[in-house]
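Trainee: I would like to learn how to read strand pairing, sheet order and helix packing from a model such as this one. Could we go through the features one at a time, with the general idea before the case?

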Amino acid sequence: MKSSDVAISQFLDRVGSLPKQESELLRSVFDFADKAHEGQMRDSGEPYIIHPVNVAWILLDMDSDTETVAAGLLHDVLEDTERTEEDIRRGFGDTIATLVKGVTNLQHYAYATHHTRMKRQSENFRKFLLSVVDDIRVLIVKMADRLHNMRTLGYLTDDRQNNIARETMDIYAPLANRFGLARMRWELEDLSFKHLMPDVYKQIGLLVNEKKDAREAYIKMVLDPVTKLLEDAGIKAEITGRSKHFYSIYRKSISRNIPFEDIYDLAAIRVIVDTIGQCYEVLGILHRNYEPLEHRFRDYIARPKVNRYQSLHTGLIGPKGRVVEVQIRTREMHAIAEEGVAAHWKYKELQSGNHFDEQIGWIRSMLSQQETSPASEFLEYFKMNLYPEIIIAITPEGDYIKLPKGSTPVDFAFAVHTGIGFRTIGARVNGKFVPLRTELKTGDMVEIITGNTPNPGKDWLEFMKSSKARQKVRTWLRRRELEDAIRLGKEIFDKRSRKAHLKLGDDEFSAILKQMKITDENQLFARLGKGSLLFADFYDAVCAMRKEDDTCDTDLEIGSKEMHEFQGVRIGQIDSLLIHYAKCCNPVPGDQIVGYTTRGRGITVHRKDCPNKGFRKLLIDETERIIPLQWDRPAAGSKTGFTVQLMVLSKNRRNMLKEIVNAFSRMHIELTEARMDHDVEGARGWFSFRIQHREELDQVYRTLRRLPKVLHVERIDGGK
């Protein structure tokens, strides 16, 4: 629309086709705006009225109501002409005047300094958002205004183009997404991308043009059989191919670290049906006839996005083995997906309920939280709040930190600095100490307490949300576990070598490692430390090599008796100095047990039915660190004992504690702790003692349960 006559004539023809009352109002508003802007010119050299006419045209394309279109025609009158708010109110009513005033709150001016500009811009945005809360149509008019400005950005200087494009990418495109204005968002992103990264934009444009015919041919190859499948099922559907937007191709290429060509080659189709039931029926048909990619399935119908977007997403292996992305939705869902809040005027039934309140609730919350914040900080905070999938926490210095929703103080610490993350030992949120797994909320002020050395916990991986930080912690833990395994393995190797009087020269040691297909001594020690290799295996290799040379010293053989007299547990050649018993389950001889190689502490012995949730997870996630164990008879005369704790519930009875203590005495079992509390409901006692074997524990169970008034006997750690 480079000719003003064409643009104006097209607009007036379209207005003339509307119902009489709407047509007369818009024609009157146009005459008022045209006269107000008379003599003003755009940077393109066209009459200024072309801009508001095109904004109104965009709003008509969105099926906006007449008052919104009128506000689009008048949105620059208060800023750029001598007309007043009262003039508009007198001529066209309170609603249109209020809409125009709301949009005018977000106009831009020239300021002497950057600080002054940012302060005034923040104040304007706060006023603008207050207007949006009162009437969401203010937002729609402003978005249409920005879209037309972006379409005609080429007439401005390079600096102004870059500044406006950056602001659009940072604020207006995310704002459009927040309110579900998908079509606007895509065009705003592509236009901003074009000015901010022109070379990359051009590269993708050439790719799209070169592959257009091939892409359309492939889409047809997909659409035809899908159409036939749905027709055979009696489902009336609108099936189309989906084109990818330039900025979307760029963003996915960067995030997935794959070439533009691979992103563009992904075929995408959309299936639009009448009912929700048909959405799931179509999904079933496609999954029965094409191989689905499970990791690509998303059900946004059952769980809509924050901007009320609903659709089924799935990925299929299509013709020629290529991935086909599929969206399935109803017509109403499609309207909301494309036009967001603007769809309320096209689908009148959407005006019922509190959909507007749902969309602007986050603005109300943000305005409330930032009510007393300096104006200079408000705009930055607003930008961060545009992304529903993130939260914003604040450092004690007042800096804003963006984090994934559900993040914890640990995520916050890594976002501030990797070194701080690794040394985190505690946190205060809003001045109060909190556990590190505490979920943060937008607006929380977080202070991280650090130690002198890195010490991330393995449990951090259970509650961290930031994928980059999780990967850093996982890598650090693996490296530390390897170092601990090497240290433990070297200790095992040195101890067993001394006990066996085994001495090896460098050449012989290297030859044995080569024979065992072990690259170096660290790999040997690591395998010994993890339990995947026993010292006996290494010793057998030494003996075999020496026997081949008729030099094997039989005195090096290690007797089985010597190997097994260690605290009653048989674990290859690992001795008692490297064995610890888990306090979470207090295993005793007779329990089924396993070992876990623990950082710097050797082997920790757990019951197989250990109630500790963390250990049960390790049994699944870290099988390479789990060592099979079994009890062995202790050496003759061994005084080794194992601590057990029991809880006894009974009815109130005089001398109950004395009777239980006497029962232990008759069993010749020494108590290390005995106490009992009484209340109106009964008595609860706690008893600790040491035993040699599970058989003694079973005897204790039987004896105590036979005592009068005893109701229940339970191993405190959860055992039976």
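Mentor: Let us begin with pairing: two strands count as paired if DSSP finds at least two bridges between them. In this predicted model, strand β17 (residues 642-650) and strand β19 (residues 682-691) pair in the antiparallel sense over nine bridges, and S650 stands opposite A683 in β19.

Trainee: With which other strand does β17 pair in the antiparallel sense, and over how many bridges?

Mentor: That strand is β20 (residues 710-715), which pairs with β17 over five bridges; within β20, R715 is the bridge partner of L646.

Trainee: How should I read the order of strands in a sheet, and which strands stand at the edges of the open sheet of five strands?

Mentor: The order is read across the sheet, from neighbour to neighbour. Here the open sheet of five strands runs β1-β2-β5-β4-β3, and its pairing is mixed. β1 (238-241) and β3 (291-299) stand at the edges with a single partner strand each, so one side of each is left without a neighbour in the sheet. From one strand to the next, the twist averages 20°.

Trainee: In what sense do β3 and β4 run, and how many bridges join them?

Mentor: β3 and strand β4 (residues 312-317) run antiparallel and are joined by five bridges, and in β4 it is L312 that serves as the bridge partner of D299.

Trainee: What packs on this sheet, and which strands does it touch?

Mentor: A general point helps first: in a regular strand the side chains alternate between the two faces of the sheet. In the present case, helix α15 (residues 276-289) packs on the sheet and touches β2 (267-273), β3, β4 and β5 (323-330), with its direction making about 160° with that of β5. Helix α16 (residues 331-339), for its part, lies across β1, β2 and β5, and runs at about 110° to β5.

Trainee: What is the strand order in the open sheet of three strands?

Mentor: The order is β9-β8-β10, and the pairing is antiparallel. β9 (432-434) and β10 (446-450) are the edge strands, each pairing on one side only, and the twist averages 35° from one strand to the next. Strand β8 (residues 424-429) pairs with β10 in the antiparallel sense over five bridges, where E447 in β10 is the bridge partner of R428. Helix α20 (residues 409-416) packs on this sheet, touching β8, β9 and β10, and its direction makes about 80° with that of β10.

Trainee: Turning to helix pairs, at what angle do α29 and α30 pack, and how far apart are their axes?

Mentor: Helix α29 (residues 656-666) and helix α30 (residues 694-705) pack at an angle of about 140°, with their axes 10 Å apart. Angles over 145 degrees would count as roughly antiparallel, and α29 and α30 are therefore oblique to each other. The crossing in which α29 passes α30 is right-handed. I660, A663 and F664 in α29 meet V700, T703 and L704 in α30, a contact that has five nonpolar, one polar and no charged residues.

Trainee: Finally, where is confidence lowest and where is it highest?

Mentor: The lowest mean, 34, belongs to helix α27 (residues 560-564), whereas the highest, 94, belongs to helix α2 (residues 20-36). The protein averages a pLDDT of 80, and 82% of the residues score at least 70. Over residues 1-6 pLDDT stays under 50, and the model has 10 contacts beyond four places in sequence for them.

Notes. Residues are numbered from 1 along each chain as its sequence is written. Side-chain values use heavy atoms; hydrogens and water are left out. Axes are lines fitted to C-alpha atoms, for helices over the stretch in contact, and angles run from 0 to 180 degrees between N-to-C directions. Helices (H or I, at least four residues) and strands (E, at least two) are DSSP runs, numbered from the N terminus. Angles under 35 degrees count as roughly parallel, over 145 as roughly antiparallel, 65 to 115 as roughly perpendicular and the rest as oblique. A crossing is left-handed if the near helix is turned anticlockwise from the far one by less than a right angle, and right-handed if clockwise. Contact means heavy atoms within 4.5 Å. Ala, Val, Leu, Ile, Met, Phe, Trp, Tyr, Cys and Pro count as nonpolar, Asp, Glu, Lys and Arg as charged, and the others, Gly among them, as polar. pLDDT is the predictor's confidence in each residue, from 0 to 100.
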